[in-house]
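Colleague: I have the sequence and the model open and would like to go through the spaces, the charge pairs and the backbone. Can we begin?

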Amino acid sequence: MRLRFTKMHGLGNDFVVIDATREAVDLTPERVRAIADRHFGVGCDQLLVVEQPTQPGVDFRYRIFNADGGEVEQCGNGARCFVRFVHEKALTDKDEIRVETRSGLIAPRLRPDGLVTVDMGVPRLQPAQIPFVSDSDAVVQPLDVAGETVAITAVSMGNPHAVQVVADVEAAPVQAQGALIESHPRFPARVNAGFMQVMDEGCVRLRVFERGAGETLACGTGACAAVVAGILRGLLVSPVRVETRGGGLEIAWSGPGTPVLMTGPAVTVFEGEMELA
């Protein structure tokens, strides 16, 4: 099978994007892993598939596959790339589109300055909705990680996140601890592990060990979850600039019951074709 693709990134969080609006694409986990391989394939953190919607009043369906071949619910940086992709491919002329994902509807908007703002929906904070095994809905929860107790805030942005505050994000044990948190038994669907350093009430630095991908240069839903966690803990005031290793995002949130708005860039790198077995 010959596969046409576009390589894109949002702050270094990179994607292979496929247009499946005209013809279905048969993507097995093995094929996803082959595409995502940085030595033998194109190389990416996630693979994004653009499809026709399955419900009325929606412009597109958006599917997301991690580099390990597993399909996931949501991806914030991918959502920004998604809206730029459908514009560049002339699949729509709308500045704001409605997109169905595995976790619900999102509404990305292409701004005149080229940045993309995405309504990421209302964060889910109840443990059962994340999902997170806990008999408490406290904002800060203890989590045992290899015999050490860390304080996390569990948030779902359509996908699960465990956010902890650290003194120095560069010195944080992202690789060692991130992998343990990702597969922690209290997160039955696994989890994205966020490490946030608060610079002041309007700025944080963030690293995220992503479920199924490892540490990435940026994580859009992770940035949203971090700001939600920081505001709930009384550490931050909206809007907040989130500095990742790949660059900055602006996150705005008015509090429980309201949607999170994420604004940042989306860049097309190149296009090509790949032969798949």
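Colleague: Which strand gives the most to the lining of the largest pocket?

Modeller: This is a predicted model, in which local features need pLDDT of at least 70 and side-chain atom pairs count only at pLDDT 80 or more, while totals for chains, interfaces and linings use all residues. On a 1 Å grid over the protein atoms alone, a pocket is an open set of points with protein on both sides within 12 Å along at least five of seven lines, a cavity is a set where a 1.4 Å probe fits but cannot get out, and lining residues have an atom within 4 Å of a point. Strands (E, at least two residues) and helices (H or I, at least four) are DSSP runs numbered from the N terminus. With five residues, the strand that gives the most to this lining is β1.

Colleague: Which residues lie nearest the centre of the largest pocket, and which elements give two or more residues to its lining?

Modeller: Residues are numbered from 1 along each chain as its sequence is written, and side-chain values use heavy atoms, with hydrogens and water left out. The lining has 17 residues, and nearest the centre are L3, R4, I18, D19 and V25. The elements giving two or more residues are β1 and β2.

Colleague: How much space lies in that pocket?

Modeller: The lining divides into eight nonpolar, one polar and eight charged residues; Ala, Val, Leu, Ile, Met, Phe, Trp, Tyr, Cys and Pro count as nonpolar, Asp, Glu, Lys and Arg as charged, and the others, Gly among them, as polar. A volume is the space filled by probe spheres set on the grid points, which are joined across faces, edges and corners. For the largest pocket this space is about 310 Å³.

Colleague: What covers the buried residues of α1?

Modeller: Buried means under 20% relative accessible area, exposed over 50% and partly exposed in between (1.4 Å probe, protein chains only). In α1 (residues 29–36) the buried ones are R31, V32, I35 and A36. They lie on the same side of α1 because they cover an arc of only 130° around the axis, taken from the directions from the axis to the C-beta atoms. By contact (heavy atoms within 4.5 Å), the cover includes β1 (2–10), β2 (13–19), β3 (46–51), β4 (60–66) and β18 (267–275).

Colleague: Which residue forms a salt bridge with E273?

Modeller: A salt bridge is a side-chain nitrogen of Lys or Arg within 4 Å of a carboxyl oxygen of Asp or Glu. The closest N and O atoms of E273 and its partner are 2.8 Å apart, and that partner is R2. E273 sits in β18 and R2 in β1, so the pair ties together parts that are 271 residues apart in sequence. At 40% relative accessibility E273 is partly exposed, whereas the partner asked for is exposed at 53%: R2.

Colleague: How far apart in sequence are E275 and R2?

Modeller: E275 and R2 also meet in a salt bridge, at 2.7 Å from N to O. E275 is in β18 and R2 in β1, so far as elements go, and the separation is 273 residues.

Colleague: Which residue pairs with D68 in a salt bridge?

Modeller: D68 and its partner have their closest N and O atoms 3.5 Å apart, the partner being R190. D68 lies in the loop between β4 and β5 (71–72) and R190 in the loop between α3 (174–182) and β12 (192–200), so the pair ties together parts 122 residues apart in sequence. D68 is partly exposed at 29%, and at 32% so is the partner, R190.

Colleague: How large is the volume of the largest cavity?

Modeller: There are two cavities of 30 Å³ or more in the whole structure. The largest is lined by 15 residues, with Q46, N66, Q74, N159 and E210 nearest its centre. Its lining has four nonpolar, nine polar and two charged residues, and its volume is about 90 Å³.

Colleague: Which proline follows S238 through a cis peptide bond?

Modeller: One cis peptide bond joins I130 and P131, with omega about -10°. For the bond from S238 omega is near -5°, and the proline is P239.
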